[in-house]
Amino acid sequence: MENILVIGAAGQIGSELTLALRKIHGNNHVFATDIKDASSDIKNGGPYQLLDVMDDKLLIHFVIRHKITQIYHLAAVLSGNAEKLPLQAWHINMNSLMNVLEIAKLVEDVKKVFWPSSIAVFGPSTPRKQTPQLTTMEPSTVYGISKLAGERWCEYYFKKYDVDVRSIRYPGLISYKTEPGGGTTDWAVEIYYDAVRKGSYTCFLKKDTKQPMLFMEDAINATIRLMEVNNKRLKLHTGYNIMGVSVSPEEVAAEIRKHIPGFKISYAPDFRQDIAMTWPESVDDSLARMHDDWKPYYDLNRITEIMLMQIKKKETET
Ligand code: AKB
(Lines give C-alpha, C1' and ligand atoms only; values in the text may rest on other atoms or scores of the structure.)
Protein backbone atom coordinates (compact mmCIF):
# COMPACT_ATOMS: atom_id res chain seq x y z
CA MET A 1 0.00 0.00 0.00
CA GLU A 2 1.43 3.36 -1.07
CA ASN A 3 0.99 6.67 0.77
CA ILE A 4 1.61 9.47 -1.71
CA LEU A 5 2.46 13.09 -1.04
CA VAL A 6 1.74 15.60 -3.83
CA ILE A 7 3.49 18.95 -3.33
CA GLY A 8 1.94 21.66 -5.51
CA ALA A 9 -1.44 19.92 -5.75
CA ALA A 10 -3.26 23.14 -6.68
CA GLY A 11 -1.10 23.81 -9.74
CA GLN A 12 -1.55 22.98 -13.42
CA ILE A 13 -0.13 19.43 -13.16
CA GLY A 14 -0.93 18.76 -9.49
CA SER A 15 -4.65 19.47 -9.79
CA GLU A 16 -5.02 16.65 -12.34
CA LEU A 17 -2.30 14.27 -11.15
CA THR A 18 -3.72 14.19 -7.60
CA LEU A 19 -7.11 13.02 -8.89
CA ALA A 20 -5.52 10.40 -11.18
CA LEU A 21 -3.37 9.08 -8.31
CA ARG A 22 -6.40 8.92 -5.99
CA LYS A 23 -8.21 6.77 -8.56
CA ILE A 24 -5.31 4.31 -8.54
CA HIS A 25 -4.25 4.31 -4.88
CA GLY A 26 -7.48 5.29 -3.11
CA ASN A 27 -8.57 8.75 -1.93
CA ASN A 28 -7.15 8.44 1.58
CA HIS A 29 -3.70 7.45 0.39
CA VAL A 30 -2.95 10.55 -1.68
CA PHE A 31 -2.10 13.61 0.43
CA ALA A 32 -2.55 16.85 -1.51
CA THR A 33 -0.55 19.86 -0.30
CA ASP A 34 0.13 23.37 -1.56
CA ILE A 35 0.79 26.87 -0.28
CA LYS A 36 -2.38 28.06 -2.00
CA ASP A 37 -6.00 27.01 -1.91
CA ALA A 38 -6.88 24.02 -4.10
CA SER A 39 -10.06 23.26 -6.05
CA SER A 40 -12.97 21.71 -4.16
CA ASP A 41 -12.53 18.26 -5.77
CA ILE A 42 -8.95 18.12 -4.43
CA LYS A 43 -9.92 19.43 -0.99
CA ASN A 44 -13.05 17.33 -0.56
CA GLY A 45 -11.91 14.17 -2.32
CA GLY A 46 -9.14 13.19 0.11
CA PRO A 47 -6.58 14.57 2.55
CA TYR A 48 -5.55 18.14 1.78
CA GLN A 49 -3.32 20.50 3.77
CA LEU A 50 -1.60 23.83 3.34
CA LEU A 51 2.12 22.97 3.48
CA ASP A 52 5.21 24.90 2.38
CA VAL A 53 7.89 22.66 0.82
CA MET A 54 10.47 25.29 1.83
CA ASP A 55 9.86 24.42 5.50
CA ASP A 56 12.03 21.30 5.76
CA LYS A 57 11.09 20.57 9.39
CA LEU A 58 7.35 20.65 8.80
CA LEU A 59 7.84 18.63 5.63
CA ILE A 60 9.82 15.83 7.28
CA HIS A 61 7.28 15.62 10.12
CA PHE A 62 4.47 15.37 7.60
CA VAL A 63 6.29 12.61 5.70
CA ILE A 64 7.00 10.59 8.85
CA ARG A 65 3.54 11.11 10.38
CA HIS A 66 1.70 9.95 7.27
CA LYS A 67 4.16 7.14 6.43
CA ILE A 68 4.71 8.61 2.97
CA THR A 69 6.21 6.18 0.44
CA GLN A 70 6.23 8.36 -2.72
CA ILE A 71 6.67 12.11 -3.15
CA TYR A 72 5.61 14.06 -6.25
CA HIS A 73 7.25 17.48 -5.94
CA LEU A 74 5.56 19.71 -8.52
CA ALA A 75 6.02 23.18 -7.04
CA ALA A 76 8.22 25.58 -9.06
CA VAL A 77 8.56 29.14 -10.33
CA LEU A 78 8.14 28.89 -14.13
CA SER A 79 10.35 30.43 -16.81
CA GLY A 80 8.70 33.83 -17.39
CA ASN A 81 8.18 34.59 -13.70
CA ALA A 82 11.70 33.39 -12.84
CA GLU A 83 13.21 36.01 -15.18
CA LYS A 84 11.45 38.74 -13.20
CA LEU A 85 12.79 37.57 -9.80
CA PRO A 86 15.90 35.50 -10.60
CA LEU A 87 17.32 35.02 -7.10
CA GLN A 88 14.00 34.20 -5.47
CA ALA A 89 13.21 31.74 -8.28
CA TRP A 90 16.60 30.06 -7.93
CA HIS A 91 16.15 29.87 -4.15
CA ILE A 92 12.65 28.36 -4.38
CA ASN A 93 13.33 25.94 -7.24
CA MET A 94 16.61 24.61 -5.85
CA ASN A 95 15.97 24.59 -2.10
CA SER A 96 12.57 22.93 -2.43
CA LEU A 97 14.15 20.12 -4.47
CA MET A 98 17.03 19.75 -2.00
CA ASN A 99 14.54 19.51 0.91
CA VAL A 100 12.68 16.71 -0.87
CA LEU A 101 15.84 14.82 -1.87
CA GLU A 102 17.25 15.03 1.67
CA ILE A 103 13.98 13.74 3.16
CA ALA A 104 13.94 10.86 0.66
CA LYS A 105 17.50 10.06 1.70
CA LEU A 106 16.74 10.21 5.45
CA VAL A 107 13.28 8.63 5.69
CA GLU A 108 13.40 4.93 4.96
CA ASP A 109 9.70 4.62 4.06
CA VAL A 110 10.14 6.99 1.10
CA LYS A 111 10.86 4.74 -1.87
CA LYS A 112 10.35 7.02 -4.88
CA VAL A 113 10.40 10.69 -5.80
CA PHE A 114 9.02 12.39 -8.91
CA TRP A 115 10.34 15.81 -9.83
CA PRO A 116 9.50 17.58 -13.10
CA SER A 117 12.29 18.78 -15.32
CA SER A 118 11.59 20.81 -18.47
CA ILE A 119 12.61 21.50 -22.06
CA ALA A 120 14.12 24.61 -20.45
CA VAL A 121 17.25 22.57 -19.67
CA PHE A 122 18.25 23.21 -23.30
CA GLY A 123 19.70 26.50 -24.50
CA PRO A 124 20.74 28.56 -27.51
CA SER A 125 23.56 26.16 -28.45
CA THR A 126 21.22 23.12 -28.52
CA PRO A 127 19.85 21.85 -31.88
CA ARG A 128 16.20 23.02 -31.91
CA LYS A 129 14.64 20.29 -34.04
CA GLN A 130 14.23 16.74 -32.70
CA THR A 131 16.47 17.74 -29.81
CA PRO A 132 18.26 14.59 -28.61
CA GLN A 133 18.06 13.32 -25.06
CA LEU A 134 21.77 14.00 -24.59
CA THR A 135 23.14 17.07 -26.33
CA THR A 136 24.70 20.45 -25.60
CA MET A 137 22.88 21.97 -22.65
CA GLU A 138 23.67 25.59 -21.90
CA PRO A 139 20.37 27.05 -20.65
CA SER A 140 20.26 30.84 -20.56
CA THR A 141 17.24 31.30 -18.29
CA VAL A 142 17.15 31.11 -14.48
CA TYR A 143 14.43 28.49 -14.71
CA GLY A 144 16.45 26.43 -17.19
CA ILE A 145 19.60 26.67 -15.08
CA SER A 146 17.62 25.52 -12.02
CA LYS A 147 16.13 22.59 -13.96
CA LEU A 148 19.51 21.48 -15.31
CA ALA A 149 21.12 21.78 -11.87
CA GLY A 150 18.12 19.89 -10.46
CA GLU A 151 18.64 17.05 -12.94
CA ARG A 152 22.27 16.78 -11.88
CA TRP A 153 21.27 16.69 -8.18
CA CYS A 154 18.65 14.01 -8.87
CA GLU A 155 21.24 11.81 -10.52
CA TYR A 156 23.69 12.53 -7.69
CA TYR A 157 21.19 11.41 -5.01
CA PHE A 158 20.36 8.31 -7.05
CA LYS A 159 23.99 7.29 -7.47
CA LYS A 160 25.29 8.34 -4.07
CA TYR A 161 22.33 7.61 -1.75
CA ASP A 162 20.18 5.25 -3.82
CA VAL A 163 17.24 7.69 -3.87
CA ASP A 164 14.96 6.44 -6.64
CA VAL A 165 14.13 9.79 -8.23
CA ARG A 166 12.45 9.89 -11.62
CA SER A 167 11.84 12.82 -13.91
CA ILE A 168 10.38 14.00 -17.21
CA ARG A 169 11.43 17.03 -19.21
CA TYR A 170 7.92 18.37 -19.71
CA PRO A 171 7.27 20.39 -22.84
CA GLY A 172 4.42 22.95 -22.74
CA LEU A 173 1.35 21.33 -21.15
CA ILE A 174 -2.11 22.00 -22.59
CA SER A 175 -4.90 21.65 -20.03
CA TYR A 176 -8.37 23.05 -19.33
CA LYS A 177 -8.75 22.30 -15.62
CA THR A 178 -6.12 24.63 -14.15
CA GLU A 179 -4.39 27.35 -16.15
CA PRO A 180 -0.59 27.56 -15.93
CA GLY A 181 1.06 30.74 -14.66
CA GLY A 182 4.24 32.51 -15.66
CA GLY A 183 5.58 30.12 -18.32
CA THR A 184 6.79 30.60 -21.90
CA THR A 185 4.42 27.93 -23.22
CA ASP A 186 1.32 29.42 -21.49
CA TRP A 187 0.07 30.84 -24.82
CA ALA A 188 -1.02 27.32 -25.84
CA VAL A 189 -3.61 27.35 -23.03
CA GLU A 190 -4.47 31.07 -23.08
CA ILE A 191 -5.32 30.91 -26.79
CA TYR A 192 -8.17 28.44 -26.17
CA TYR A 193 -9.59 30.38 -23.20
CA ASP A 194 -9.54 33.67 -25.11
CA ALA A 195 -11.01 32.02 -28.22
CA VAL A 196 -14.04 30.93 -26.16
CA ARG A 197 -14.32 34.07 -24.01
CA LYS A 198 -13.47 36.82 -26.50
CA GLY A 199 -13.15 35.29 -29.98
CA SER A 200 -9.65 36.75 -30.24
CA TYR A 201 -6.18 36.38 -28.73
CA THR A 202 -3.03 38.47 -28.61
CA CYS A 203 -0.05 36.13 -28.49
CA PHE A 204 3.24 36.92 -26.73
CA LEU A 205 5.17 34.80 -29.24
CA LYS A 206 5.59 35.33 -32.99
CA LYS A 207 3.18 33.49 -35.23
CA ASP A 208 5.64 30.89 -36.52
CA THR A 209 7.49 30.03 -33.29
CA LYS A 210 7.03 26.30 -32.84
CA GLN A 211 7.19 24.66 -29.43
CA PRO A 212 6.78 21.04 -28.28
CA MET A 213 3.46 20.52 -26.43
CA LEU A 214 1.68 17.71 -24.67
CA PHE A 215 -1.98 17.33 -23.71
CA MET A 216 -2.38 17.02 -19.94
CA GLU A 217 -3.94 13.55 -20.10
CA ASP A 218 -0.87 12.28 -21.98
CA ALA A 219 1.40 14.02 -19.45
CA ILE A 220 -0.40 12.38 -16.52
CA ASN A 221 -0.19 8.96 -18.18
CA ALA A 222 3.51 9.44 -18.92
CA THR A 223 4.18 10.50 -15.33
CA ILE A 224 2.33 7.65 -13.65
CA ARG A 225 3.79 5.14 -16.12
CA LEU A 226 7.31 6.36 -15.37
CA MET A 227 6.73 6.03 -11.62
CA GLU A 228 5.38 2.50 -12.02
CA VAL A 229 7.99 1.07 -14.37
CA ASN A 230 10.45 -1.42 -12.91
CA ASN A 231 13.62 0.29 -11.74
CA LYS A 232 15.74 -2.08 -13.82
CA ARG A 233 14.24 -0.79 -17.07
CA LEU A 234 15.10 2.82 -16.25
CA LYS A 235 18.40 4.02 -17.53
CA LEU A 236 17.99 7.66 -16.58
CA HIS A 237 17.49 9.43 -13.29
CA THR A 238 17.84 12.90 -14.79
CA GLY A 239 14.86 13.70 -17.04
CA TYR A 240 13.29 11.94 -20.03
CA ASN A 241 12.48 13.95 -23.17
CA ILE A 242 8.82 13.58 -24.11
CA MET A 243 6.42 15.46 -26.39
CA GLY A 244 3.09 15.17 -28.17
CA VAL A 245 2.89 17.79 -30.93
CA SER A 246 5.16 20.55 -32.21
CA VAL A 247 2.99 23.60 -32.93
CA SER A 248 3.15 27.35 -33.54
CA PRO A 249 0.51 29.95 -32.57
CA GLU A 250 -0.64 30.31 -36.20
CA GLU A 251 -1.14 26.54 -36.49
CA VAL A 252 -3.22 26.41 -33.30
CA ALA A 253 -5.21 29.45 -34.50
CA ALA A 254 -5.96 27.69 -37.81
CA GLU A 255 -7.22 24.64 -35.89
CA ILE A 256 -9.41 26.81 -33.65
CA ARG A 257 -10.93 28.48 -36.75
CA LYS A 258 -12.33 25.09 -37.79
CA HIS A 259 -14.63 25.42 -34.75
CA ILE A 260 -14.81 29.22 -34.35
CA PRO A 261 -14.53 30.59 -37.91
CA GLY A 262 -14.31 34.26 -36.84
CA PHE A 263 -11.41 33.70 -34.38
CA LYS A 264 -8.78 36.42 -34.68
CA ILE A 265 -5.18 36.31 -33.54
CA SER A 266 -2.67 39.15 -33.29
CA TYR A 267 0.95 39.10 -32.16
CA ALA A 268 2.78 41.24 -29.59
CA PRO A 269 5.98 39.30 -28.84
CA ASP A 270 7.55 40.12 -25.46
CA PHE A 271 10.63 38.84 -23.56
CA ARG A 272 9.26 35.30 -23.71
CA GLN A 273 9.92 35.25 -27.48
CA ASP A 274 13.66 35.37 -26.70
CA ILE A 275 13.27 32.51 -24.22
CA ALA A 276 11.31 30.41 -26.74
CA MET A 277 14.05 30.87 -29.34
CA THR A 278 16.52 29.16 -26.99
CA TRP A 279 14.22 26.15 -26.45
CA PRO A 280 13.52 23.19 -28.77
CA GLU A 281 10.82 23.17 -31.47
CA SER A 282 10.53 19.42 -31.00
CA VAL A 283 12.34 16.76 -28.98
CA ASP A 284 13.41 13.21 -29.68
CA ASP A 285 11.60 11.11 -27.08
CA SER A 286 12.61 7.67 -28.34
CA LEU A 287 14.38 6.82 -25.07
CA ALA A 288 11.20 7.34 -23.01
CA ARG A 289 9.25 5.27 -25.55
CA MET A 290 11.84 2.51 -25.23
CA HIS A 291 12.28 2.49 -21.43
CA ASP A 292 8.64 2.63 -20.38
CA ASP A 293 6.70 2.00 -23.63
CA TRP A 294 5.17 5.46 -23.49
CA LYS A 295 3.58 7.16 -26.50
CA PRO A 296 1.27 10.17 -26.82
CA TYR A 297 -2.36 9.74 -27.84
CA TYR A 298 -3.62 13.27 -28.51
CA ASP A 299 -2.89 15.22 -31.72
CA LEU A 300 -3.68 18.92 -32.30
CA ASN A 301 -7.05 18.14 -33.83
CA ARG A 302 -8.25 16.18 -30.80
CA ILE A 303 -6.63 18.57 -28.30
CA THR A 304 -8.43 21.52 -29.90
CA GLU A 305 -11.81 19.75 -29.89
CA ILE A 306 -11.50 18.84 -26.20
CA MET A 307 -10.08 22.21 -25.07
CA LEU A 308 -12.85 24.21 -26.75
CA MET A 309 -15.59 21.86 -25.58
CA GLN A 310 -14.40 21.78 -21.95
CA ILE A 311 -13.73 25.51 -21.68
CA LYS A 312 -17.20 26.28 -23.13
CA LYS A 313 -18.67 23.91 -20.53
CA LYS A 314 -16.74 25.62 -17.72
CA GLU A 315 -17.80 29.06 -18.92
CA THR A 316 -21.51 28.15 -18.99
CA GLU A 317 -21.29 26.59 -15.52
CA THR A 318 -19.82 29.75 -13.92
C1 AKB B 1 7.40 27.08 -18.91
O2 AKB B 1 7.00 27.55 -19.99
O3 AKB B 1 8.15 27.69 -18.13
C4 AKB B 1 7.01 25.67 -18.56
C5 AKB B 1 7.99 24.66 -19.05
C6 AKB B 1 8.10 24.35 -20.48
O7 AKB B 1 8.69 24.08 -18.27
N8 AKB B 1 5.71 25.37 -19.09
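**Around the ligand**

In this predicted model, the ligand has quite a circle of neighbours: Leu78, Ser79, Ser118, Ile119, Tyr143, Gly183, Thr184, Thr185 and Trp279 surround it. Sorted by character, the residues of this shell come out as four nonpolar and five polar, with no charged ones. As for where the ligand sits, the space it takes is the largest pocket.

Three of these neighbours can be looked at atom by atom. Starting with Ser79, an N or O atom in its side chain is 2.6 Å from an oxygen atom of the ligand. Tyr143 also points a polar atom at an oxygen: a polar atom of the Tyr143 side chain lies 2.7 Å from an oxygen atom of the ligand. With Thr185, the partner is a nitrogen atom of the ligand, and a polar side-chain atom of Thr185 lies 2.9 Å from it. How much of the ligand does the protein bury? Taken alone, the ligand exposes 260 Å², and 94% of that is buried by the protein.

Now for the chain as a whole. The protein chain splits into domain 1 (4-171 + 216-241) and domain 2 (173-213 + 244-282 + 298-317). Their C-alpha centres are 25 Å apart. Where the two domains meet, the contact takes 33 residues from domain 1 and 26 residues from domain 2. Back at the ligand, both domains have a share in the shell, with at least three residues coming from each of domain 1 and domain 2.

How values were computed:
Residues numbered from 1 in each chain as written. Predicted model: local features only at pLDDT ≥ 70, side-chain atom pairs only at ≥ 80, totals over all residues. Heavy atoms only, no water. Near = heavy atom within 4 Å. Polar contact = N/O pair within 3.5 Å; in protein donor to acceptor, adjacent residues only side chain to side chain. Areas by Shrake-Rupley, 256 points an atom, 1.4 Å probe, with all protein chains shown as cover. 1 Å grid on protein atoms, 1.4 Å probe; cavity = no way out; pocket = protein on both sides within 12 Å on 5 of 7 lines; lining within 4 Å. Sits in = over half its atoms within 2 Å of the grid points. Nonpolar A, V, L, I, M, F, W, Y, C, P; charged D, E, K, R; others polar. Domains from an automatic or database assignment. Contact = heavy atoms within 4.5 Å.
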